[in-house]
Amino acid sequence: MSTSTLKYSAETSNALLKEVMDRSGQNLMSCYQCRRCASGCPVGEETGVTPDRLVRMILLGEKEDALNNLLVWKCVACYTCGTRCPNNIHTSRINETLKQMSKEAHAKPLLLKVAAFHSAFMKSISHFGRSNELEFMGLYQMENVKKGGLSALIADIKSLSKLGIAMLRKKRMHFKLDKTKGRSEITALYNRSAKRQGPKE
Amino acid sequence: MEIGYYPGCSLHASSKLYDVQTKDVLSRIGIELSEIEDWNCCGATSVGKQDDFLAIALPARNLGIADATGLSEILIPCSSCYSRTLVSQKTLEGNPELKAEINAELAKKVEGKIKISNILEVLQSKTAEIKEKAVKKLTGLKPVCYYGCLLSRFPSDMPVSDSVENPVAMEGLLKSIGAAPLDWGYKTDCCGASASVNDADTALRLMSKIFKDAIARDANCFVTTCPMCQLNLDAYQDEVSKKYGITKKLPVYFITELIGVSMGISFDQLQIDRHFTDAMGLLKELKLL
């Protein structure tokens, strides 16, 4: 993240704050920076930005930094911050909202693999209604290449094939394609969601 | 007693053993599981990061199917599926507009009446039967109970039966069949979940802390209820150990596996040989297999 001097504009900061609050359902204005969230955050020590800092960043309207910091992308959604927050602010929900906003803005995600993983997972469910590990991993690698190029794929395939071989040996690999018959309903739900989000830019 | 059953994708695939054990163990204490028909994926951890509407709508389709069975209760053993489905039901209870919008697309409408239970709630309701069926006492087993995140913490307020910071249901069950569960500091800490695939350094670091504390407490195994936690601690234990200089290996059991052993169910029926980190050795050493 940048450390430039603060350029505060009430107008842009209010717009960002309102969007994050509406979409995440979290009242960021009730944060009084007690940092209970930070002390419980399992990734806080490596992300630099802790949940309290992220909330402050959004309040100050620092949109670019809010979308591009390690907390948003490394958050493991363990819900510890929100469970311990005296004001019931779930920063993991804020992180989820910011990831969505980053995708909608066609911004380059700070951690490509995280974005590729979740996007591939949702695609996989839209195909069969259920997640099938092999199909999903294929889609994930396709997303990986799309977002990070061939080098991203090669680096990842090495560690994944190790897991895959172990799964085969331990009879934990599943080859049958699991499908939901009522896929038309799943498709209808996906379509409705797309409609709610409005026309694509 | 018949209750509904939502296995979710994991229990049909990489954690099939958990599905097999759950059905077997519960049938022996008088619970028949009726898998709801044609269920779909709940969206798991990915959906919240991609689509807030589908995060409620995907589990809602399953809830509609479950409500239509007329059964009063449904068991969801996977923590992630349990969390997603419970949050969907409670959200729709407080948002009739959203409920109507989703129901408009569903053949079987969500009514919101079925009681959603996790595996510990179902097992706890039958503690007396479990104790009675335990032909083998798990003497010598010193597990640390690993609850992970999603069984007790939620993205919004949910009614839960156990303590959020210090759950004890698993310990109670294991004590009743003769094991000696240990107190430790990481029972509700995160294993990294899908980060093991998409952000490995983070997941390996989180797991290293879990392993180190368990070993420092002199535990001889982990027990968990979550297929994602089980897969992570089991499949990545080698890698974490190498990276962080940990020498001791601990088997990672599902709670159903150990209850099954105490009932005298054979290892191949319970599929205990399908672990990544050896899970047979300890049980043989303790003469439980």
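Here are a few questions and answers about a predicted model.

Reader: How do the axes of helix α4 and helix α8 of chain A cross: roughly parallel, roughly perpendicular or oblique?

Author: Happily, the angle settles this one. The axes of α4 (residues 51-59) and α8 (residues 91-104) of chain A come within 10 Å and cross at roughly 50 degrees. Angles under 35 degrees count as roughly parallel and those from 65 to 115 as roughly perpendicular, so α4(A) is, with respect to α8(A), oblique.

Reader: Is the crossing of α4(A) and α8(A) left-handed or right-handed?

Author: Viewed with one helix in front, the hand depends on which way the near helix is turned from the far one. For α4(A) and α8(A), the crossing is left-handed.

Reader: How many nonpolar residues does the contact of α4(A) with α8(A) have?

Author: Let's look at both sides. From α4(A) come Pro51(A), Leu54(A), Val55(A) and Ile58(A), while α8(A) brings Thr91(A), Ile94(A), Asn95(A) and Leu98(A). By class, no residue there is charged and two are polar, which leaves the nonpolar ones, and these number six.

Reader: Which are the edge strands of the open sheet in chain B?

Author: The four strands of this sheet, paired in parallel, have the order β2-β1-β3-β4. An edge strand pairs on one side only, and in chain B that applies to β2 (32-35) and β4 (115-117).

Reader: What is the bridge partner of Tyr5(B) in β3(B)?

Author: Strand β1 of chain B covers residues 2-5 and strand β3 of chain B covers residues 73-75; they pair in the parallel sense over two bridges. Within β3(B), the partner of Tyr5(B) is Leu75(B).

Definitions and conventions:
Residues numbered from 1 in each chain as written. Chains lettered and ligands numbered in written order. Predicted model: local features only at pLDDT ≥ 70, side-chain atom pairs only at ≥ 80, totals over all residues. Heavy atoms only, no water. Axes fitted to C-alpha atoms, helices over the stretch in contact; angles between N-to-C directions. Parallel < 35°, antiparallel > 145°, perpendicular 65-115°, else oblique. Contact = heavy atoms within 4.5 Å. Nonpolar A, V, L, I, M, F, W, Y, C, P; charged D, E, K, R; others polar. Pairing = 2+ DSSP bridges.
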